[in-house]
Amino acid sequence: MEIHKVAVIGAGTMGSGIAQVAATAGCSVQLFDASPEAITRSQKNLLATLAKLVEKAKINPDESARIAANISYVSQMTELSNAQLIIEAIVENSEIKRALFAQLETIVAPDCILASNTSSLSIASIAASCKKSDRVIGIHFFNPAPLMQLVEVIPAVQTANEVLQVTIETISSWKKIVAVAKDTPGFIVNRVARPFYSEALRLFEEGTASLATIDQAMKDIGFRMGPFELMDFIGNDVNYAVTESVFTAFYFDPRFKPSFTQKRLTEAGFLGRKSGRGYYDYSEQAIPPVAATDAQLRQQISDRILVMLINEAADALFLHIASAKDIDHAMTKGVNYPKGLLAWADEKGIDWCVNSLDALYHEYHEDRYRCSPLLRRMMREQTTFFN
Ligand code: NAI
């Protein structure tokens with residue numbers, strides 16, 4: 001089945017971006033939102049975005065007109081009856097999403113694929129709200145959707161294989177890189193990336209180094225932003241909420257335990273750039289923070305955070321959350337990591353990974369530092385992820 005008619009529900013940040021991606025790929029897109037103001041705003045923003053792209057010579061005026069003409073804005077859900085694929089990007093609330101999917105099923109054709117852009121909810125639970133639950137799938141874009149190359153595709157236990165295949169083909173034809181993930185909390189990126197923040201927070205809480213030193217240590221090894229700069233950029237409230245939801249969804253696995261430092265900042269309203277203060281002060285009179293020049297300390301910091309990230313990626317592979325290739329793609333294309341974590345593990349050496357994790361476990365005796373059984377097995381068998 002080739003998909004030409006797409007509908008997007010929710011004309012907020014994500015829905016507007018997804019509509020732009022599908023329209024740019026040549027699909028005829030209907031964009032629906034319960035709020036007329038959201039539709040007006042989305043339409044205005046799209047035209048401004050397209051004008052900017054023309055100005056920067058990324059697209060020509062004809063392309064801009066074609067993309068704009070491919071999107072129609074609808075005010076009634078019943079108008080979506082001819083859609084072949086519907087992507088939902090409404091509020092992150094399970095009950096509201098389930099009600100929407102149940103209602104959608106009464107409007108669309110039996111072979112219409114129904115997808116959710118949820119970041120944290122179970123696709124199986126959303127699918128269960130439909131009578132024909134095998135047509136439901138997760139299609140998780142990253143923000144901003146037109147710029148980020150990665151899309152996680154998440155089949156639920158109910159999803160038909162054909163629906164998965166059509167979804168992969170469609171999203172790939174939209175010039176996105178697809179990573180297929182199991183329907184588990186955080187999928188790939190939001191699960192594997194947790195130690196980037198949590199281990200940095202832990203190092204800071206232990207007084208190992210200043211915020212700026214920890215940030216610089218990660219930039220030394222190629223990350224575009226340090227963990228604290230990134231949390232301030234994302235917003236502490238948003239980042240904390242994801243951490244807490246992943247922790248809860250994993251039945252309180254201590255590996256995902258949130259940090260009180262971040263919780264208190266959120267409670268205080270120190271949300272990051274958007275509130276003028278987070279880990280750093282963004283006011284004009286603020287003194288720019290300076291990182292320690294101690295190269296050995298910076299290396300220790302980056303090694304510890306990196307090995308924790310590698311351990312999480314290895315565990316995701318061990319538990320068949322995704323393939324090794326997709327796990328590495330997810331981190332490089334979804335969150336701009338300088339290298340795939342599994343390729344990085346090969347480069348550092350599996351023995352180095354196991355020994356570093358064992359040293360941390362020996363020091364702390366905490367579950368968060370337990371080495372993935374996969375890394376241990378690989379060390380025993382002297383194998384690597386890719387070579
Ligand atoms: P948003 O708040 O910018 O937009 C949501 C839109 O949905 C609003 O315009 C609202 O009027 C509309 N809406 C709410 N309930 C509705 C209903 N029952 N029927 C029709 N329209 C309804 O939210 P955002 O950030 O675009 O997120 C949307 C979804 O995408 C959420 O599930 C979120 O978890 C997910 N997501 C968000 C990312 C982000 O960085 N913002 C990244 C990836 C996924």
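In this predicted model, Asp-237 and Lys-274 are paired in a salt bridge whose closest N and O atoms lie 2.9 Å apart. The pair links distant parts of the chain, since Asp-237 sits in helix H11 while Lys-274 belongs to the loop between helix H12 (260-268) and helix H13 (295-318), 37 residues apart. The two partners differ in how they are covered: Asp-237 has a relative accessibility of 25% and therefore counts as partly exposed, whereas Lys-274, at 52%, counts as exposed, because the class of exposed residues begins over 50%.

A second bridge that links distant parts of the chain is the one between Arg-202 and Glu-366, where the closest N and O atoms are 2.8 Å apart. Here Arg-202 is in helix H8 and Glu-366 is in the loop between H16 and H17, with their positions 164 residues apart in the numbering. Arg-202 has a relative accessibility of 16% and so counts as buried, buried being the class under 20%, while Glu-366, with 26%, is partly exposed. Salt bridges that share partners join these two residues with Glu-199, Glu-206, Arg-304 and Arg-368 into one network.

Side chains of opposite charge can pair when their charged atoms come close. Another such pair is Lys-132 with Asp-134, whose side chains meet at 2.9 Å, taken from N to O. Both of these residues are partly exposed, Lys-132 with a relative accessibility of 33% and Asp-134 with one of 28%. The count of salt bridges in the model comes to 21.

Helix H11, which carries Asp-237, is also a helix to follow into the largest pocket, where H11 supplies the largest share of the lining with five residues. The space in this pocket is about 1200 Å³, and the lining is made of 40 residues, of which Phe-142, Asn-143, Asn-190, Ile-234 and Val-238 lie nearest the pocket centre. The elements that give two or more residues to this lining are helix H1 (13-24), strand E6 (136-141), helix H7 (189-192), helix H8 (194-205), H10 and helix H11 (236-249). By class, the lining holds 22 nonpolar, 14 polar and four charged residues.

Two of the residues nearest the centre of the pocket, Ile-234 and Val-238, return in a nonpolar surface patch of about 260 Å², which they make together with Phe-233. Phe-233 is part of helix H10 (residues 227-234), and with a relative accessibility of 53% this residue counts as exposed.

The model also contains enclosed spaces, and the count of cavities of 30 Å³ or more comes to four. The space in the largest cavity is about 70 Å³. Among the residues that line this cavity are Arg-194, Tyr-197, Ser-198 and Leu-201, together with Thr-243, Arg-255, Phe-256 and Lys-257; the remaining members of the lining are Pro-258, Ser-259 and Gln-262. Helix H8 gives the largest share of the lining, four residues, and by class the lining divides into four nonpolar, four polar and three charged residues.

The backbone has a few features that deserve a careful look. Most residues other than glycine have a negative phi, and most peptide bonds are trans. Against that background, the bond that joins Asn-143 and Pro-144 is a cis peptide bond, with omega at about 0°. Pro-144 lies in the loop between E6 and strand E7 (150-155), and Asn-143 has already been named among the residues nearest the centre of the largest pocket.

Positive phi values are found at Asn-336 and His-365, neither of which is glycine. For Asn-336, phi is near 55°, and the residue is placed in the loop between helix H14 (324-334) and helix H15 (341-348). Its relative accessible area is 30%, so Asn-336 is partly exposed. For His-365, phi is likewise near 55°, and this residue is found in the loop between helix H16 (350-364) and helix H17 (373-381), the loop that also holds Glu-366. The relative accessible area of His-365 is 57%, which means that the residue is exposed.

Conventions: Residues are numbered from 1 along each chain as its sequence is written. This is a predicted model: local features need pLDDT of at least 70, side-chain atom pairs count only at pLDDT 80 or more; totals for chains, interfaces and linings use all residues. Side-chain values use heavy atoms; hydrogens and water are left out. Patches are made of residues with over 30% relative accessible area and no salt bridge: like charges are joined within 9 Å, nonpolar side chains (Val, Leu, Ile, Met, Phe, Trp, Tyr) within 5 Å. Accessible areas come from the Shrake-Rupley method with a 1.4 Å probe; for residues, only the protein chains shown count as cover. A salt bridge is a side-chain nitrogen of Lys or Arg within 4 Å of a carboxyl oxygen of Asp or Glu. Buried means under 20% relative accessible area, exposed over 50%, partly exposed in between (1.4 Å probe, protein chains only). On a 1 Å grid over the protein atoms alone, a cavity is a set of points where a 1.4 Å probe fits but cannot get out, and a pocket is an open set with protein on both sides within 12 Å along at least five of seven lines; lining residues have an atom within 4 Å of a point. Grid points are joined across faces, edges and corners, and a volume is the space filled by probe spheres set on the points. Ala, Val, Leu, Ile, Met, Phe, Trp, Tyr, Cys and Pro count as nonpolar, Asp, Glu, Lys and Arg as charged, and the others, Gly among them, as polar.
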